[in-house]
Amino acid sequence: MAPGRPLEGRREVKGVQPQRAPAAQRREAPLRIGLSARILHQPPPEMGFRNKVLQYLEQSIAHWIMGQGALVFMVPTIEAGSRIQRARVTMRDYVHALDGLVLQGGADVSPSSYGEEPLRPEWCGDRVRDLYEIDLLWEFVIQQKPVLGICRGAQLINVAFGGTLVQDIPSLAAGAIRHYDRDAYDEHSHEITIEPGSRLARLFPGIERANVTSIHHQAVKSPGNGLVVEAHAADGLIEAIRWTGSSHVVGLQWHPEFHQGESSRLLDGAPVLLEFLEKARERRGAEPAPEVKFAGRRPI
């Protein structure tokens, strides 16, 4: 390109400034939603990642959020012993750049994160991921940006607010219905009852009972500080929780990202996601929030 020549396709007229479209016609920047990482601490050798730790996301949940026009960014862990200096990159920096957080499903929450010992070795969970997600969750709460927890994410929210979990539904919850089917996996479902008068009931007017996916063997036992129950399974196990504090924090035990499609017989997941995104949009346009003060438990 010759010196001084304008870029091809761009017309420059001396003394004339380019005009911007009226504010009403400008497209609002998409919301930036953080998605917590799943962690694979010991990948199988055949994957080609010898002595490495993988952090990843599940495609369905990312596409579910993106389907509403939001951008998705997986948030990696920030460890004190890594090559990253925490003084340079912090959770506060990440949260400041994002508009909301979705905590995705995955490994069990470690019983040590809610003051218990695992009753069986296979229920020891992922303590590393717990600490990372609790740190991330509380930073979003402090900055008063919305949080939505899915399956494990709902359990993590409950533990972060001081609640406890049922370590294994089949062996510890008498009279429980089936909440996990290894063969059916994400095609397994059961009915829930939505609590009358709850915010969840207002999102689904006229719907008292609905079918949802069920892929979990652990569940909320005692709700954490300030959390209210918004749905139960037929056996009484908790299926949805919401924080009554100053910020939007919601946990669903089912997977609404699997409920898409006009022919689906499952509860539509869109109202919950749209509520979450609207809270993110409201928070983006608000004045900087004062730091939240807590009477209850803070990060573990």
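Helices, taken as DSSP runs of at least four residues in state H or I, and strands, taken as runs of at least two residues in state E, are numbered here from the N terminus. On this basis the protein, which is described from a predicted model, contains seven helices and 13 strands. Of its 300 residues, 45% count as buried, and the accessible surface amounts to about 16700 Å², with 50% of that area belonging to carbon and sulfur atoms. Among contacts with a separation of 6 or more, 70% link residues that lie 24 or more positions apart in the chain.

Nine of the strands are arranged in an open sheet with mixed pairing, in the order 4-1-5-6-13-12-11-8-9. The edges of this sheet are formed by strand 4 (71-75) and strand 9 (209-213), and because each of them has a single partner strand, one side of each is left without a neighbour in the sheet. On average, and with direction ignored, neighbouring strands of the sheet are turned by 25° against each other. Within the sheet, strand 1 (residues 32-36) runs parallel to strand 5 (residues 100-103), to which three bridges join it, and Ile33 has Gly100 of strand 5 as its bridge partner. Helix 3 packs on the sheet, where it touches strand 1, strand 4, strand 5, strand 6, strand 12 and strand 13, and the direction of helix 3 makes about 150° with that of strand 5.

Strand 13 (residues 249-252) is covered on both faces, with Val249 and Gly251 buried on one side and Val250 and Leu252 buried on the other. Its pairing with strand 6 (residues 147-150) is in the parallel sense and extends over four bridges, with Val147 standing opposite Val249 of strand 13. Strand 12 (residues 238-243), by contrast, runs antiparallel to strand 13 and is joined to it by three bridges; here Ala240 stands opposite Leu252. Strand 12 and strand 13 together form a hairpin, in which five residues lie between the two strands.

The packing of helix 3 against helix 4 can be considered next. Two packed helices are described by the angle between their axes and by the distance between those axes. For helix 3 and helix 4, the axes come within 10 Å and cross at roughly 75°, which makes helix 3 roughly perpendicular to helix 4, since angles of 65 to 115 degrees are assigned to that class. Helix 3 contributes Arg129, Asp130, Glu133, Ile134, Leu137 and Trp138 to the contact, while helix 4 contributes Arg152, Leu156, Ile157 and Ala160. By residue class, the contact of helix 3 with helix 4 consists of six nonpolar and four charged residues, with no polar ones.

Helix 4 (residues 152-160) is largely enclosed by the rest of the structure, because nine of its nine residues are buried. The buried residues of helix 4 include Arg152, Gln155 and Asn158 as well as Leu156, Ile157 and Val159. Gly162, which follows helix 4, has a positive phi, near 95°.

In helix 3 (residues 127-142), the position of Asp135 was also examined. Asp135 has a relative accessibility of 26% and therefore counts as partly exposed, the range for this class lying between the limits of 20% and 50%. The C-alpha atom of Asp135 is separated by 9.9 Å from that of Ile78, although the two residues are 57 residues apart along the chain.

Two loop residues are notable for their backbone conformation. Most residues other than glycine have a negative phi. Asn51, which is not a glycine, nevertheless has a positive phi of about 60°, and this residue is found in the loop between strand 2 (38-40) and strand 3 (54-56). Gln144, likewise not a glycine, has a positive phi of about 55° and is placed in the loop between helix 3 and strand 6. As to their surroundings, Asn51 counts as exposed because its relative accessibility is 75%, whereas Gln144, at 18% relative accessibility, counts as buried.

Notes
Residues numbered from 1 in each chain as written. Predicted model: local features only at pLDDT ≥ 70, side-chain atom pairs only at ≥ 80, totals over all residues. Heavy atoms only, no water. Buried < 20%, exposed > 50% of the residue type's maximum accessible area, 1.4 Å probe, protein only. Contact = heavy atoms within 4.5 Å. Areas by Shrake-Rupley, 256 points an atom, 1.4 Å probe, with all protein chains shown as cover. Axes fitted to C-alpha atoms, helices over the stretch in contact; angles between N-to-C directions. Parallel < 35°, antiparallel > 145°, perpendicular 65-115°, else oblique. Nonpolar A, V, L, I, M, F, W, Y, C, P; charged D, E, K, R; others polar. Pairing = 2+ DSSP bridges.
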